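Me: I would like to go through this structure with you, step by step. Could you start with the terms and then take my questions?

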Amino acid sequence: AHFFLAIADSVHYVVISRVCALFMAAMQGCQMVLADVSDSKSRAAALGKLGAFYSLGLIVGSLTSGYLITLFSTQFTAWIATFGSVSVIPLIIYFIPASVKSENARLTPVNNASLFDLSPWMHVLSIPGVIPIFTICLLSGIPG
């Protein structure tokens, strides 16, 4: 997404960069890895710390990109973001294990619910105040 924004010379490339951004799932990927590598007692603390650092990254990243845009240009800042995104790929490949749980633990289902069972979603959406927040997150692209 950052690459398409960096090479954008028309509105079409900007739209393409935003469509690509829909498939960026760094936070969800980190949550998945933390859930896999942590035990049940430390999982909540690990996920809480991840959320705090993710929020801090949003603030510092916005501040930094605003400063770079002021000094240089939007495209330069997008190139920096592209470089940052590409440069972490070797770190991810080297440091993040495929899985730390045994094959038996991964194959054992937690419950018998179907993947497409909508009842848990309906239960969460029935809680007062959830639908407006969910709608705002969905429209703004903020991870819930």
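Reply: Gladly! A residue is called buried under 20% relative accessible area, exposed over 50% and partly exposed in between, using a 1.4 Å probe and protein chains only. This is a predicted model, where local features need pLDDT of at least 70, side-chain atom pairs count only at pLDDT 80 or more, and totals for chains, interfaces and linings use all residues. Residues are numbered from 1 along each chain as its sequence is written, and side-chain values use heavy atoms, with hydrogens and water left out.

Me: Thanks! How many helices and strands are there in the chain?

Reply: Helices (H or I, at least four residues) and strands (E, at least two) are DSSP runs, numbered from the N terminus. From that end, the elements read α-α-α-α-α-α-α-α-α. The count is nine helices and zero strands.

Me: And what percentage of the residues count as buried?

Reply: Let us look at the surface before the count. The chain exposes about 11300 Å² (Shrake-Rupley method, 1.4 Å probe; for residues, only the protein chains shown count as cover). Carbon and sulfur atoms supply 73% of that area. Of the 144 residues, the share that counts as buried is 9%.

Me: Is Thr-77 buried or exposed?

Reply: Thr-77 sits in helix H5, residues 74-87. Contact means heavy atoms within 4.5 Å, and beyond its neighbours within four places in sequence, Thr-77 is in contact with Ser-65, Leu-68 and Ile-69. Because its relative accessible area is 11%, Thr-77 is buried.

Me: Which polar atom of Leu-34 lies 2.5 Å from the side chain of Ser-38?

Reply: Ser-38 belongs to the loop between helix H3 (26-37) and helix H4 (43-71), and with 10% relative accessibility it counts as buried. Leu-34 lies in helix H3. The pair is a polar contact (N or O atoms within 3.5 Å; within protein, one must be able to donate a hydrogen and the other to accept it, and residues adjacent in sequence count only if both atoms are side-chain atoms). The partner on Leu-34 is its backbone oxygen.

Me: Which residues does Leu-34 touch, apart from those up to four places away in sequence?

Reply: Leu-34 is partly exposed, at 21% relative accessibility. Its C-alpha atom is 8.7 Å from that of Leu-50, 16 residues apart along the chain. Ala-46, in helix H4, is buried at 19%. Leu-34 touches Ala-46, Leu-47 and Leu-50.

Me: What kind of aromatic pair do Phe-72 and Phe-76 form?

Reply: A search of the whole structure finds one aromatic pair. Phe-72 and Phe-76 have their ring centres 4.4 Å apart and 45° between the planes. Rings of Phe, Tyr and Trp (its six-membered ring) pair if their centres lie within 6.5 Å; planes under 30 degrees apart count as stacked, over 60 as edge-to-face and the rest as tilted. This pair is therefore tilted.

Me: Last one: how much accessible area does the nonpolar patch with Phe-95 have together?

Reply: Phe-95 is in helix H6, residues 89-95, and counts as exposed at 58% relative accessibility. Patches are made of residues with over 30% relative accessible area and no salt bridge (a side-chain nitrogen of Lys or Arg within 4 Å of a carboxyl oxygen of Asp or Glu); like charges are joined within 9 Å, and nonpolar side chains (Val, Leu, Ile, Met, Phe, Trp, Tyr) within 5 Å. Here Val-88, Leu-91, Ile-92, Tyr-94, Phe-95 and Ile-96 form the patch, with a joint accessible area of about 620 Å².
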